[in-house]
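Colleague: I would like a close look at a single part of this model, the open sheet, and at what is attached to it. Please carry on from there to the other local features worth noting.

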Amino acid sequence: MPTEILMPALSPTMEEGTLAKWLVKEGDTVSSGDLLAEIETDKATMEFEAVDEGTVGKILVDEGTEGVKVNTPIAVLLDDGESADDIGDTSAPSKPAPEADKADAGAEEAAPAAAEKPAPAAPKAASGDRIFASPLARRIAADKGLDLSQIKGSGPHGRIVKADVESAKPGAKPAPAAATDAPRAAPAPSGPSGDAVAAMYQGREYEEVKLDGMRKTIAARLTEAKQTVPHFYLRRDIKLDALLKFRGQLNKQLEGRGVKLSVNDFIIKACALALQAVPDANAVWAGDKVLKLKPSDVAVAVAIEGGLFTPVLKDAEMKSLSALSAEMKDLAARARDRKLAPEEYQGGSFAISNLGMFGIDNFDAVINPPHGAILAVGGGKKKPVVGDDGELTVATVMSVTLSVDHRVIDGALGAELLEQIVQNLENPMVMLA
């Protein structure tokens, strides 16, 4: 039977996407790894690859179509000996395929199958959970006597595909699955409907701006964060004069290498080291438990047109200032082009949002779940301060606010973390020790 290719979930938060562009046409033959289409997710435009061979028998969703639900059929693949006549009356439904059909549909994979040898029924694990495997993978597993529950899938969403069963050995144990953020359902809408709001402005001139996937996701995530995360806020002023002087000296020495450190690079390093010094604060909320991380994976908010990304600098405590600077510049540039891979903006335990370059003195940032905290950074300003000797002097002062998830970090622990960040920034040479 011909196999439907389903709209893939290319990020944990993706519930629907835009089929931006087809890279194949009906009648084309594709093999594993060939590019099929460009899919616009809630975060980026990503290429969608075939995971098996076949012939494109029918395209069900036109390119440019928005709001295509995950698991909706978007095309049909044919095996050798099959023709368009075998497809029958197939059309893309407006809702995702029923759960029972998803496992048999083959997801994003072609399932070349001889009509006289149908694929075994969709299997279940001992726990009763459905095992997602393509028809071809189920057929090969049955022929080889393999237990699909013992095979780790490499296909989309962990689906078991042809290559997985061909390389598996009887009795092989699955590799542990990588931890990822689970998709979150958008919170129920609050307040008046869009039509009700528009009615309030009848007779007034306005432009209606359509929400894209990124804007919808940001709205849902921030609403969820403010409604479900018990925020509290800790504020400190940080004297920057020693850091600015030290930064100037380092940049002069690094000039020949084309490296120019920013204040933000020092902030990233200071936060990464602080999380190591206060390990109980290097944690995330996981529903019924708290996960304490060992590395300092620090996310940094990057504004882009229509929204923002929070790319993650992994193992930031281990990297030099120049390495952090180069990595941050690369991530920020690719974030603005929407070219980041999901693993580059997922995870982390802590985030930084710096609006100082926009002239903002101070602000309160919203925590990005499941992070335990986020540091909001304002701009450095010349201010009168009382020196250690009691004399009035002028110093460059930066105001920061630490937003904390009280489920993960208590007040005293948050204060200890913020104190460590302050000490690192006011004594920058210790960060090189």
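Modeller: What follows begins with the sheet and then moves along the chain. The model is a predicted one.

The open sheet has four strands in the order β5-β4-β2-β7, and their pairing is antiparallel. Its edges are β5, residues 45-49, and β7, residues 65-69, each of which pairs on one side only. On average, neighbouring strands of this sheet are turned by 40° against each other, direction ignored.

Take the pairing of β2 with β4 next. Strand β2 covers residues 16-22 and strand β4 covers residues 35-40; the two run antiparallel and are joined by four bridges. Two positions show the register. T18 of the chain stands opposite E40 in β4, and W22 stands opposite A37 in β4.

On the way to the edge, β4 is joined to β5 by five bridges, again with the strands antiparallel. Here E38 has E47 in β5 as its bridge partner. The connection between β4 and β5 is a hairpin through four residues.

The other edge strand, β7, takes part in a side-chain contact with a remote part of the chain. E66 and K210 meet in a salt bridge, with 2.7 Å from N to O. E66 lies in strand β7 and K210 in the loop between α4 and α5, so this pair ties together parts that are 144 residues apart in sequence. K210 counts as exposed, because its relative accessibility is 65% and the cut-off for exposed is over 50%. A further set of charged side chains is formed by E16, K69 and K216, which are linked in a network of salt bridges. The residue numbers place E16 in β2, which spans 16-22, and K69 in β7, which spans 65-69. K216 falls within α5, residues 213-228.

The loop between α4 (194-200) and α5 (213-228) also holds Y201. Y201 belongs to a nonpolar surface patch together with V197, M200 and Y206, and the accessible area of the patch is about 440 Å². Y201 itself is partly exposed, at a relative accessible area of 45%.

Salt bridges occur elsewhere too, and the structure holds 13 of them. As a general matter, side chains of opposite charge can pair when their charged atoms come close. One of the pairs here is D28 with K25, at 3.4 Å from N to O. The two partners differ in cover: D28 is partly exposed at 21% relative accessibility, whereas K25 is exposed, with a relative accessible area of 54%.

Another pair is E344 with R334, whose side chains meet in a salt bridge at 2.7 Å, N to O. E344 sits in helix α9, residues 342-345, and R334 in helix α8, residues 321-336; the two residues are 10 apart in sequence. R334 is partly exposed, its relative accessible area being 23%. Between α8 and α9 there is a loop, and R338 lies in it. The phi angle of R338 is near 55°, a positive value in a residue other than glycine.

N71 has a positive phi as well, near 75°, and is likewise a residue other than glycine. N71 is placed in the loop that runs from β7 to β8 (73-78), which brings us back to the edge strand of the sheet. At 17% relative accessibility N71 counts as buried, because the cut-off for buried is under 20%.

Helix α7 is a part with more cover. It comprises residues 263-277, and at 1.5 Å a residue its 15 residues should span 21 Å; the C-alpha atoms at its ends are 21 Å apart, which agrees. The helix is mostly covered, with 11 of its 15 residues buried. Among the buried residues of α7 are the nonpolar-named positions F266, I267, I268 and L275. The buried set also includes N264, D265 and K269, as well as A270, C271, A272 and A274.

A last backbone detail concerns two prolines. The peptide bond from P369 to P370 is cis, and its omega is near 10°. P370 is found in the loop between β16 (350-354) and β17 (373-386).

Note on methods. Residues are numbered from 1 along each chain as its sequence is written. This is a predicted model: local features need pLDDT of at least 70, side-chain atom pairs count only at pLDDT 80 or more; totals for chains, interfaces and linings use all residues. Side-chain values use heavy atoms; hydrogens and water are left out. Two strands pair if DSSP finds at least two bridges between them. Axes are lines fitted to C-alpha atoms, for helices over the stretch in contact, and angles run from 0 to 180 degrees between N-to-C directions. Patches are made of residues with over 30% relative accessible area and no salt bridge: like charges are joined within 9 Å, nonpolar side chains (Val, Leu, Ile, Met, Phe, Trp, Tyr) within 5 Å. Accessible areas come from the Shrake-Rupley method with a 1.4 Å probe; for residues, only the protein chains shown count as cover. A salt bridge is a side-chain nitrogen of Lys or Arg within 4 Å of a carboxyl oxygen of Asp or Glu. Buried means under 20% relative accessible area, exposed over 50%, partly exposed in between (1.4 Å probe, protein chains only). The expected span of a helix is 1.5 Å times one less than its number of residues.
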